[in-house]
Amino acid sequence: MERKINLHLFYMGVVTAIVGILITTVSYFNFFRKEVTENLAHECHLVAQCYDSGDPITELDRFTGEDFRITLIEKDGTVLFESSADPQEMPNHLDRPEIRAAIENGTGTDTRFSDTIGTEDHYYALRLNDGNILRVSIQTDSIFALFERSLVIILIIVLGIVIVSMLVSVKLTNNLIAPFRRIPELIGTNSPPEECGIYPEIIPFVEEIRNARNAQSEMRQEFTANVSHELKTPLTSISGYAELIESGMAQGADSVEFAGKIKKESDRMLVLIGDILRLSELDSTGGIPLDEDVDLKAVAEDCKERLSQQAESRGIRITVRGESASVKGSMTELCELVYNLVDNAIKYNRENGNIEIETADKMLTVTDTGIGIPQESIPRIFERFYRIDKSRSRAKGGTGLGLSIVKHIAEHHGAKIDVKSTVGVGTSISVRFQ
Ligand code: ADP
């Protein structure tokens, strides 16, 4: 951004200065031309007065040797007198614009480039009392010659402008950017942004980032506290059972039973740690690329297969219905999403209940005949470690993280989740893809 502003300011400075030079030069040149024409007119009237007062040709001759060229032309265009050439050799002048204008209106002017591009001729013609046309002309530098002659000065000025524009644009950019540079340090502190010399327009952003940071740090603290608590419970049990075995209080069959309990608690911890790691992985990588064509029906069939034993153990029947529904996404993540939904549908179902996985266009719905979710809990079930009935979830081997992972994956796929549930009847969770 800094480089861009710098360059823009620099270009602006250079272009403005060059356009300024051009406009000034052209205006000056036009002014100079006007002066020349006025002088010519004055001179022409002066010569005309002398012409009228004596012998015309002798009078005209008096003016030869001046800077001006004097020409006398007859009404028919024949050149009668020319101060700087032989009039006999000169062509008919009736086609010259200034002569024609003078014949018609009394006076006429014209400016023409000479044969050499560097000069131009200015003409002023006047109809005399005897009907002849008196023309006075002068040669001056053309605008090109003017530029050519001033080229060195113009180049020096342009170079000066470039250097000044460069210095000024660097200084201006630094001044413009300085308040933005203060933002990171400002976000870290709690001082009021109004007092820190930043633009009022960016104060809302600073406040928003501060709020987001605070919320994030609060969430992190809460998460750490939850993780510690969740790990502490199974570890306390493990430590207790191990102590009983160590002290010799549990022997024989008891010690085998306690070892089994230690194994169960350790497994729970492993599952919990697995979920925590998965969430942190999803948090940090933002998910894997979504470039696979995934058939939701095939994913549903696969999950049914993998969870069939778990379902059968409780007499629960899983049915997959609907047509193939292809979405763009990550196969691994979508399998994880459906697996977690069906896993919950088994865990929170009644004995011999039913589960239906239905796929339709860009949509998948898992419906169960389980215990249901109270309306007020529906918005919270996607929170990390939120469980409606802690002991029930724990008994089923739940970690309270399954739906957080589901939500994360759905967001990564731009999908919307919709939960409908009636306590004691069942729950239906739909995931709608774009
Ligand atoms: P858990 O590991 O406890 O299942 P989840 O994040 O998967 O954690 O779910 C959070 C809570 O939402 C669960 O503890 C449970 O109370 C509730 N829940 C999730 N799915 C269902 C369902 N299909 N039926 C009833 N309650 C559910």
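The following passage describes the domain layout and the ligand site of a predicted model.

In this predicted model, the chain is divided into three parts, with domain 1 spanning residues 2-149, domain 2 spanning residues 208-282 and domain 3 spanning residues 288-432. The centres of domain 1 and domain 2, taken over C-alpha atoms, are separated by 102 Å.

The space taken by the ligand is the largest pocket, and the elements that give two or more residues to the shell around the ligand are helix H10, which covers residues 331-347, and helix H12, which covers residues 402-412. The ligand is surrounded by 18 residues, of which Tyr-348, Ser-393, Thr-399, Gly-400 and Leu-403 come nearest. By character, the residues of this shell divide into seven that are nonpolar, eight that are polar and three that are charged.

Polar contacts to the ligand involve both side-chain and backbone atoms of the protein, as the following pairs show. A polar side-chain atom of Ser-393 is placed 2.7 Å from an oxygen atom of the ligand, while at Gly-400 a backbone N or O atom lies 2.9 Å from an oxygen atom of the ligand. A nitrogen atom of the ligand, in turn, lies 3.5 Å from a polar side-chain atom of Thr-427. Taken alone, the ligand exposes 530 Å², and 97% of that area is buried by the protein.

Note on methods: Residues numbered from 1 in each chain as written. Predicted model: local features only at pLDDT ≥ 70, side-chain atom pairs only at ≥ 80, totals over all residues. Heavy atoms only, no water. Near = heavy atom within 4 Å. Polar contact = N/O pair within 3.5 Å; in protein donor to acceptor, adjacent residues only side chain to side chain. Areas by Shrake-Rupley, 256 points an atom, 1.4 Å probe, with all protein chains shown as cover. 1 Å grid on protein atoms, 1.4 Å probe; cavity = no way out; pocket = protein on both sides within 12 Å on 5 of 7 lines; lining within 4 Å. Sits in = over half its atoms within 2 Å of the grid points. Helix = DSSP H or I, 4+ residues; strand = E, 2+ residues; numbered from the N terminus. Nonpolar A, V, L, I, M, F, W, Y, C, P; charged D, E, K, R; others polar. Domains from an automatic or database assignment.
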